[in-house]
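Work through the exercises below with the sequence and the coordinates open. Each task is followed by a solution in steps.

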Amino acid sequence: MNKLKSYILLSLLTFVLLVACNSSKSMYEQGNYYEAVMRSVEKLRKSPNNNNAQEVLASAYPSAVNSFMDKIENNKNANIPMKYTEEARIYGQLNSMYEHIQRSPGAMQVIDNPRKYYRALDQVKPLAAEEQYAAGMGLLSQGNRESAKQAYKHFLKADQFIPGYKDVAYQADEAYNLAILHVVANLKPVQSKFYELSGEEFYRQVNNTLNRIEQNEFIRFYSPEEAQQNNLQYPDQVIEINFEDFVVGETHTREIIEKMERDSIKVGEIDLAGGRKKDVLGTVKADVVINHMEVVSRGVVSLTISRSGLDNKDLLYQDFPGQFVWFHEWGHFNGDDRALTPEQIEVCNRRRVDPIPPQQMFVEFTRPIQQQLNNRLLSFYRDY
């Protein structure tokens, strides 16, 4: 058994290595020399004497270096945007190949003198930082949110090339403040004349959705209290969610009386000669009373998203309906239970029970609303 397990593990390892080598070879044949180098080096780290990986690396590494250097040379003489950023990216990949080969004894047997380009990268970083900084300043000067979003990303890249480059931190803050969408979410409390109802669970789910939307770094939601604390007098948008109309515990009852009969049912016996007996068949009857109670809870939640400011324009208004019906049946009968159906017998064995509490009914009818509302919020802010 142990030999069988060892054979299976060895076979799987051989298969994985074979697939990996074929994959690196495929990358090489497709002209993706960098990926071919990285994959073959990884295989040689695990299997230093892998012939296929050695062959791929021996061909792919010089091809990758030559290809990258040709790109750099061609870009120097071309008028293309972000050419220094591209040059820095290429030097970064050249250095990445160097580092990976250095960490793999099997790869060092194939490429014993990989080339490093740290000095070249250091020389081009200031040019790339200026390139990104200038692009950010140009976009920021346009003064609109979409341009500010792109400007912010350029400033971050400039800071990655040269930390603290010029006043990049200040400009990044300026771009971010212009790019961010400030939204106040006014989640109105539930108001009921007859019950003490809480929308806490409903609004907890809404806040979870808003937190998901905030994964977009350019959108921030505030409660009215948080907006006041942050002195946010003029947010970009205001969300208002309100329970416009709802009914909890609308009760309907009805009583159904049925006269049941079944034929050919044994109702007795008669004695025959010789001590034998014979069943007497007849009709059995029963009066069945079935009570049905139905408690309906339903309502509408409105969602309004408006632009804050002088025009106060509604960007979205939508109603979301929901309903939940609690029901129960119980009953009794007079007569012969053999006249009843199995379903009627089951109902007659039940006793009347009280409906679930109003708060639970409220939660139940808001469940379908919750899903609709969350999906609408996600779709509305997807492109912001």
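## Burial, shape and confidence

Of the 384 residues in the chain of this predicted model, 39% count as buried.

**Exercise 1.** Decide whether the chain is a compact globule or more spread out.

*Solution.*
1. Start with the elements: there are 12 helices and 5 strands in the chain.
2. The radius of gyration is 38 Å, whereas the globule rule gives 21 Å for 384 residues; the chain's value is well over that, so the chain is more spread out than a compact globule.
3. Along the principal axes, the C-alpha atoms fill a box of roughly 115 × 80 × 30 Å.
4. For contacts between residues at least 6 apart in sequence, 72% join residues at least 24 apart.

**Exercise 2.** Find which elements have the lowest and the highest mean pLDDT, and state where pLDDT stays under 50.

*Solution.*
1. Take the whole chain: its mean pLDDT is 89, with 93% of the residues at 70 or more.
2. Rank the elements: the lowest mean pLDDT, 56, belongs to helix 1 (residues 2-29), and the highest, 97, to helix 6 (residues 118-140).
3. Look at the start of the chain: over residues 1-21 pLDDT stays under 50. For this stretch the model has 8 contacts beyond four places in sequence.

**Exercise 3.** Describe the accessible surface of the chain and the placement of its charges.

*Solution.*
1. The accessible surface comes to about 23,000 Å².
2. Carbon and sulfur atoms account for 49% of that area.
3. The chain has 44 positive and 50 negative charges. The mean positions of the two sets lie 7 Å apart.

## Single residues

**Exercise 4.** Is Y98 buried or exposed, and which residues does Y98 touch?

*Solution.*
1. Locate the residue: Y98 is part of helix 4 (residues 83-102).
2. The relative accessible area of Y98 is 14%; the cut-off for burial is under 20%, so Y98 is buried.
3. Leaving out residues up to four places away in sequence, Y98 touches P114, R115, K116 and Y118.
4. For a distant pair, take Y98 and V300: they are 202 residues apart in sequence, and their C-alpha atoms are 63 Å apart.

**Exercise 5.** Place M82 and S264 in the chain, and give phi for M82 and for S264.

*Solution.*
1. M82 sits in the loop between helix 3 (51-76) and helix 4.
2. Phi of M82 is near 55°, which is a positive value in a residue other than glycine.
3. M82 has a relative accessibility of 25% and counts as partly exposed.
4. S264 belongs to strand 3 (residues 237-271).
5. Phi of S264 is near 60°, again a positive value in a residue other than glycine.
6. With 57% relative accessibility, S264 counts as exposed, whereas M82 is partly exposed.

**Exercise 6.** Describe the surroundings of E217 and its separation from N66.

*Solution.*
1. E217 lies in the loop that joins helix 9 (200-213) and strand 2 (219-222).
2. Its relative accessibility of 34% makes E217 partly exposed.
3. With residues up to four places away in sequence left out, E217 touches Y152 and Y176.
4. N66 is 151 residues from E217 in sequence and 40 Å away in space, C-alpha to C-alpha.

**Exercise 7.** State how far apart E35 and M97 are along the chain and in space.

*Solution.*
1. E35 is in helix 2 (residues 33-46).
2. E35 counts as partly exposed, at 27% relative accessibility.
3. Along the chain, E35 and M97 are separated by 62 residues.
4. In space, the C-alpha atoms of E35 and M97 are 9.5 Å apart.

Terms used
Residues are numbered from 1 along each chain as its sequence is written. This is a predicted model: local features need pLDDT of at least 70, side-chain atom pairs count only at pLDDT 80 or more; totals for chains, interfaces and linings use all residues. Side-chain values use heavy atoms; hydrogens and water are left out. pLDDT is the predictor's confidence in each residue, from 0 to 100. Helices (H or I, at least four residues) and strands (E, at least two) are DSSP runs, numbered from the N terminus. Contact means heavy atoms within 4.5 Å. The radius of gyration is taken over C-alpha atoms; the globule rule is 2.2 Å times the number of residues to the power 0.38. Buried means under 20% relative accessible area, exposed over 50%, partly exposed in between (1.4 Å probe, protein chains only). Accessible areas come from the Shrake-Rupley method with a 1.4 Å probe; for residues, only the protein chains shown count as cover. Lys and Arg count as positive and Asp and Glu as negative; His and the chain ends are not counted. The place of a charge is taken as NZ of Lys, CZ of Arg, CG of Asp or CD of Glu.
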